[in-house]
Amino acid sequence: MSEVLTIAIYMLVCRELNQPANFPGNEYFWKSIDDNSYAPSLADLSVWTASHDHCKNEAFNHVNGDVFVWKFIWQDFAAYFGVEVCAAPHMKISI
């Protein structure tokens, strides 16, 4: 799964509605270190697990070590799509 497509659609909708792109997460997630997987590497893992019998009924996680913090990258996404962001991003309250 790639969250990039979801973010792109959200940014495009915000641009179409002429609204700022508020970060959809909470403050903890806004400030935390997150990671993603490189799609070709994830594809290689998928082929490898599908072609080895000892991988049946097993769960695998994949990360390639690239990390980021949303509060440092969110405005970059918005700028790429020509969307404004709030000075203090809207945070959903999570219980």
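**Exercise 1. Decide whether N57 is buried or exposed in this predicted model, and state what its phi angle is.**

Solution. Begin with accessibility: N57 has a relative accessibility of 81%, and because exposed means over 50%, N57 counts as exposed. Next, place the residue in the fold, where N57 is found in the loop between α3 (39-50) and β2 (67-69). Finally, consider the backbone, for which the general expectation is that most residues other than glycine have a negative phi. N57 has a positive phi of about 60° although it is not a glycine.

**Exercise 2. State where N18 is found, and what its phi is.**

Solution. N18 is found in the loop between α1 and α2 (27-31). Its phi is near 55°, a positive value in a residue other than glycine. As a last step, take the accessibility of N18, which is 70%, so that this residue counts as exposed.

**Exercise 3. Find which residues make the nonpolar surface patch, and place L17 within the chain.**

Solution. The patch is made by L5, I9, V13 and L17, and its area is about 390 Å². Of these residues, L17 lies in helix α1, which covers residues 3-17. With a relative accessibility of 52%, L17 counts as exposed, because the cut-off for that class is over 50%. For background, nonpolar side chains tend to be buried together in soluble globular proteins.

**Exercise 4. Identify which residues touch the most other members of the largest nonpolar core, and work out which contacts M11 makes.**

Solution. The largest nonpolar core has 13 residues, of which M11, A21, W70, W74 and V83 touch the most other members. Two helices, α1 and α4 (70-81), each supply at least two residues of this core. Turning to M11, and leaving aside its neighbours within four places in sequence, one finds contacts with A21, W74, F77, A78, F81 and V83. Across the whole protein chain, 21% of the 95 residues count as buried.

**Exercise 5. Classify the ring pair of F23 and W74, and then the ring pair of W70 and F77.**

Solution. The count of aromatic pairs comes to 11. For F23 and W74, the ring centres are 5.3 Å apart and the planes stand at 85°, so the pair is edge-to-face. F23 lies in the loop between α1 and α2 while W74 lies in helix α4, so the pair ties together parts that are 51 residues apart in sequence. Both F23 and W74 are buried. For W70 and F77, the centres are 6.2 Å apart and the planes stand at 35°, so this pair is tilted. W70 is buried, with a relative accessible area of 4%. As a final step, place these rings in their wider setting: Y10, F23, F29, W30, F68, W70, W74 and F77 form one aromatic cluster.

**Exercise 6. Describe the salt bridge that K31 forms, including how the residues are spaced in their helix.**

Solution. The count of salt bridges comes to one. K31 forms a salt bridge with E27, and the closest N and O atoms are 2.8 Å apart, which satisfies the cut-off of within 4 Å. Because K31 and E27 are four residues apart in helix α2, they are separated by about one helical turn. K31 is partly exposed, with a relative accessible area of 47%, and E27 is likewise partly exposed, at 45%.

**Exercise 7. Work out which residues S37 touches, not counting residues up to four places away in sequence.**

Solution. First locate S37, whose place is in the loop between β1 (33-35) and α3. At 31% relative accessibility, S37 counts as partly exposed. Under the stated exclusion, S37 touches H62, V63 and N64. The C-alpha atoms of S37 and N61, which are 24 residues apart along the chain, are separated by 9.5 Å.

**Exercise 8. Set out the order in which the elements of the protein chain run, and what share of its contacts joins residues at least 24 apart.**

Solution. The protein chain has four helices and two strands, and from the N terminus on these elements run α-α-β-α-β-α. Among contacts between residues at least 6 apart in sequence, 79% join residues at least 24 apart. As for the surface, the protein chain exposes about 7400 Å², of which carbon and sulfur atoms supply 58%.

Key
Residues numbered from 1 in each chain as written. Predicted model: local features only at pLDDT ≥ 70, side-chain atom pairs only at ≥ 80, totals over all residues. Heavy atoms only, no water. Patch = residues over 30% accessible without salt bridge, like charges linked within 9 Å, V, L, I, M, F, W, Y side chains within 5 Å. Areas by Shrake-Rupley, 256 points an atom, 1.4 Å probe, with all protein chains shown as cover. Salt bridge = Lys/Arg side-chain N within 4 Å of Asp/Glu carboxyl O. Buried < 20%, exposed > 50% of the residue type's maximum accessible area, 1.4 Å probe, protein only. Core = buried A, V, L, I, M, F, W, Y, C linked by side-chain atoms within 4.5 Å. Contact = heavy atoms within 4.5 Å. Phe/Tyr/Trp six-rings, centres within 6.5 Å; stacked < 30°, edge-to-face > 60°.
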